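This report goes from a single residue to the sheet around it and then to the whole chain. The sequence and the model come first.

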Amino acid sequence: MTTMVSWLSVSGTGKRTLYIGADSQGTSVTNGTVASNSVRKVWFSSTTPEIFSFSGDVGWGQSFLRTLVAKIKNEQVLASIGSPARAQEISDLACSRPPDSAASALEVFYAVREGTGRSASFHLHQLTHTGNSSDSWGVRAVAVDKLTKGVSTPVFAGGFGGKTNVQRQRWIASGDQGNVARTCFWSLCDLVDGKPRNDIMTGGYPQLVKLDETGTGLVVGVKYHSVPTVFGSRSTNPQQSAKVWVDETFTQLDPRTMKPYSRAQRYGRRQDGR
């Protein structure tokens, strides 16, 4: 299973970035044991402003999103970027269909930017499927009001740990930090580390993708407990793995040194975790 979370970051100059994050643990739905701590659950398009994540059946989810990103690159998804019709078209693709071996349901986050610059708008869709081959995908736009606020805010959470993530982020934000990007990231990190509970099928490493106001989707590397990771796995070549890096405090890192930029704003948490 998974914890998935999305948040909007707005800088002091008004620049907006939409993030999707997830953990990297793969858990058996039959007995609850951990099968892997390095499962890739986030994807991005290198040619369009679209990013994705999944929760649920790992084989199905990875196959669906891997094939989808290839189809987008080959211009085989035809509906306009940012339109509700595109989200529906994605759910109708052959690669979205559950395999006969599907062990559980599947939930997908699909985020997209329409337009560029300060006039751009972000959209987030939740796609859900029971795993039954006779059922269809449910497709809905979510958190429309939060994506148009113009301030940093948690947007939406899903997966097995989604509800716990919302509660944890609110607890952290109730300190002196507030609803900012770092508290959204911290809540995901806490769940990965088994806080406040370790029974929500969440673990491994946090993994991130993002959309800025311009450009395509991007992966964000995470130096987590001193380990450079990308897509939930250790990276032996950080400079080549990702252009953007953060540590567990959400401080931006120089990929060449894996240390904070000299002018980077540095963040820290109180001893109580807020």
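His 129 sits in strand β8. In this predicted model, His 129 has a relative accessibility of 4% and counts as buried, because the cut-off for that class is under 20%. A polar atom of the His 129 side chain lies 2.9 Å from the backbone nitrogen of Gly 131. Which residues is His 129 in contact with, leaving aside its neighbours within four places in sequence? They are Trp 60, Pro 98, Ala 105, Leu 106, Asp 135, Ser 136 and Trp 137.

Strand β8 covers residues 121-129 and runs antiparallel to strand β7, residues 106-114. Nine bridges join β7 and β8. One bridge pair consists of Ala 111 and, in β8, Leu 124.

Both strands belong to an open sheet of five strands, in the order β5-β6-β7-β8-β9, and the pairing is antiparallel. The edges of this sheet are β5 (42-44) and β9 (138-142); each has a single partner strand, so one side of each is left without a neighbour in the sheet. On average, and with direction ignored, neighbouring strands of the sheet are turned by 20° against each other. In general, strands of a sheet pair through backbone hydrogen bonds, in a parallel or an antiparallel way.

Two helices lie across strands of this sheet, as the table sets out.

| Helix | Residues | Strands it lies across | Direction |
|---|---|---|---|
| α1 | residues 58-73 | β5, β6, β7 and β8 | about 165° to β6 |
| α2 | residues 84-92 | β6, β7, β8 and β9 | about 30° to β8 |

Strand β6, the reference for the angle of α1, spans residues 50-56. Trp 60, a contact of His 129, falls within the residue range of helix α1.

The whole protein has five helices and 17 strands. Its radius of gyration is 18 Å, close to the 19 Å that the globule rule gives for 274 residues, so the protein is as compact as a globular protein of that length. Taken along the principal axes, the C-alpha atoms fill a box of roughly 50 × 45 × 35 Å.

What share of the 274 residues counts as buried? The value is 53%, and His 129 is one of the buried residues. Among contacts in the protein with a separation of 6 or more, 59% come from residues 24 or more positions apart. The protein exposes about 12300 Å², and carbon and sulfur atoms supply 46% of that area.

Technical notes:
Residues numbered from 1 in each chain as written. Predicted model: local features only at pLDDT ≥ 70, side-chain atom pairs only at ≥ 80, totals over all residues. Heavy atoms only, no water. Pairing = 2+ DSSP bridges. Helix = DSSP H or I, 4+ residues; strand = E, 2+ residues; numbered from the N terminus. Axes fitted to C-alpha atoms, helices over the stretch in contact; angles between N-to-C directions. Contact = heavy atoms within 4.5 Å. Buried < 20%, exposed > 50% of the residue type's maximum accessible area, 1.4 Å probe, protein only. Polar contact = N/O pair within 3.5 Å; in protein donor to acceptor, adjacent residues only side chain to side chain. Rg over C-alpha atoms; globule rule 2.2 N^0.38 Å. Areas by Shrake-Rupley, 256 points an atom, 1.4 Å probe, with all protein chains shown as cover.
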